[in-house]
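The following exercises concern one protein model with a bound ligand. Please study the sequence and the structure, attempt each task, and then compare your work with the solution.

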Amino acid sequence: MPEPAELPVVVIGAGPVGLAAAAHLVDRGLEPLVLEAGPAAGAAVREWAHVRLFSTWAELTDPAAEKLLAPTGWVRPDAGTYPTGGDWVERYLRPLADALGGRGRTGARGTGVARAGRGRVVDADREAQPFAVHVEGAGGREERVYARAVIDASGFNIMYFTAAALVALALAAYLAAASEKKYSAKIAAERRNGR
Ligand SMILES: Cc1cc2nc3c(=O)[nH]c(=O)nc-3n(C[C@H](O)[C@H](O)[C@H](O)COP(=O)(O)OP(=O)(O)OC[C@H]3O[C@@H](n4cnc5c(N)ncnc54)[C@H](O)[C@@H]3O)c2cc1C
């Protein structure tokens, strides 16, 4: 097993945050390895490619990423304009992933992170051990990737959030209706009794 300092920093997720994190690592002389579950960088943003963002380009690029992109001939989009999700991918995220080159893998889903060789039974010297990132690749193939550190940039799934919000709203509406039924029956009974 290599020493932790010889291992890459694994970044889970090649969205805007993961790619920017990787660019910052490169800027600091550290080696990133970006694992992306989807078929390409920016997989989550690609799902809403047709939607126009409410932020301008000035707010959507990262300085370390721009530094990495500069030698590739990348042209910074007009700062005051509003891209679609598709523009964000094509004009920034995809070129950034290309600039990171072999420091990224697609179709690689991080499924767990642990200290290598340490668990509930063997715990000694945990801090000195590298991280073992459990990765599910094509066809469900499982492997472990060792890392000196791990950055979770796997984002937040708007679909799960929306589903959770709808369930909470439905529950609140049910409780409100149940409470109204209970108290209207009580008020009606009090009126009948002349109170
Ligand atoms: C319709 C819409 C409009 C928006 N407009 C704006 C805007 O105008 N301005 C703004 O600032 N923000 C906007 N946002 C929010 C913005 O898209 C998010 O804040 C941003 O994408 C977060 O970046 P991220 O890298 O953290 O996560 P994501 O973009 O979600 O990227 C996470 C990446 O990690 C990958 N991944 C997930 N799990 C794993 C795993 N286990 N292993 C490996 N890879 C994994 C995903 O496939 C994905 O590529 C908008 C969002 C939506 C949905």
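Helices (H or I, at least four residues) and strands (E, at least two) are DSSP runs, numbered from the N terminus. The model is predicted, so local features need pLDDT of at least 70 and side-chain atom pairs count only at pLDDT 80 or more, while totals for chains, interfaces and linings use all residues. Residues are numbered from 1 along each chain as its sequence is written, and side-chain values use heavy atoms, with hydrogens and water left out.

**Exercise 1. Thr56 and Leu60**

Task: Determine where Thr56 is found, whether Thr56 is buried or exposed, and which residues Thr56 is in contact with. Then treat Leu60 in the same manner.

Solution.

Step 1. Thr56 is found in the loop between α2 and α3, and Leu60 lies in that loop between α2 and α3 as well.

Step 2. Buried means under 20% relative accessible area, exposed means over 50%, and partly exposed lies in between (1.4 Å probe, protein chains only). Thr56 has a relative accessible area of 14% and is therefore buried. Leu60 has a relative accessibility of 8%, so Leu60 counts as buried.

Step 3. Contact means heavy atoms within 4.5 Å. With neighbours within four places in sequence left aside, Thr56 is in contact with Ala79, Gly80, Thr81, Tyr82 and Pro83. On the same terms, the contacts of Leu60 are Leu53, Ser55, Pro83, Trp88 and Tyr92.

Step 4. A polar contact is a pair of N or O atoms within 3.5 Å; within protein, one must be able to donate a hydrogen and the other to accept it, and residues adjacent in sequence count only if both atoms are side-chain atoms. The side chain of Thr56 reaches the backbone oxygen of Ala79 at 3.4 Å.

Step 5. Leu60 and Tyr92 are 32 residues apart along the chain, and their C-alpha atoms are separated by 8.8 Å.

**Exercise 2. Helix α4**

Task: State where helix α4 bends, which of its residues are buried, and what covers them.

Solution.

Step 1. The bend at a residue is the angle between axes fitted to the seven residues ending there and the seven starting there. In α4 (residues 85–100), a bend of about 35 degrees occurs at Leu93, and the proline Pro95 follows within four residues.

Step 2. The buried residues of α4 are Gly85, Gly86, Trp88, Val89, Tyr92, Leu93, Pro95, Leu96 and Leu100.

Step 3. The cover over these buried residues includes α1, α2 and α3 (63–69).

Step 4. Just after α4, Gly101 takes a positive phi of about 55 degrees.

**Exercise 3. The ligand**

Task: Identify the residues that come nearest to the ligand and describe the shell around the ligand.

Solution.

Step 1. A residue is near a molecule or strand if one of its heavy atoms lies within 4 Å of it. There are 23 residues around the ligand, and Val17, Glu36, Phe54, Ser55 and Gly110 come nearest.

Step 2. An oxygen atom of the ligand lies 2.9 Å from a polar backbone atom of Val17. For Ala43, a backbone N or O atom is 3.5 Å from an oxygen atom of the ligand. For Phe54, a polar backbone atom is 2.6 Å from an oxygen atom of the ligand.

Step 3. On its own, the ligand has 990 Å² of accessible area, and the protein covers 73% of it. Accessible areas come from the Shrake-Rupley method with a 1.4 Å probe; for residues, only the protein chains shown count as cover.

Step 4. The elements that give two or more residues to the shell are α1 (16–27), α2 (43–46) and β4 (109–115).

Step 5. The shell divides into 14 nonpolar, 7 polar and 2 charged residues. Here Ala, Val, Leu, Ile, Met, Phe, Trp, Tyr, Cys and Pro count as nonpolar, Asp, Glu, Lys and Arg as charged, and the others, Gly among them, as polar.

**Exercise 4. Glu143**

Task: Which residue is joined to Glu143 by a polar contact between side chains, and why does Glu143 count as partly exposed?

Solution.

Step 1. Glu143 is found in strand β6 (residues 142–147).

Step 2. Glu143 counts as partly exposed because its relative accessibility is 26%.

Step 3. Apart from neighbours within four places in sequence, Glu143 is in contact with Arg105, Val133, His134 and Val135.

Step 4. The side chains of Glu143 and Arg105 are joined by a polar contact of 2.4 Å.
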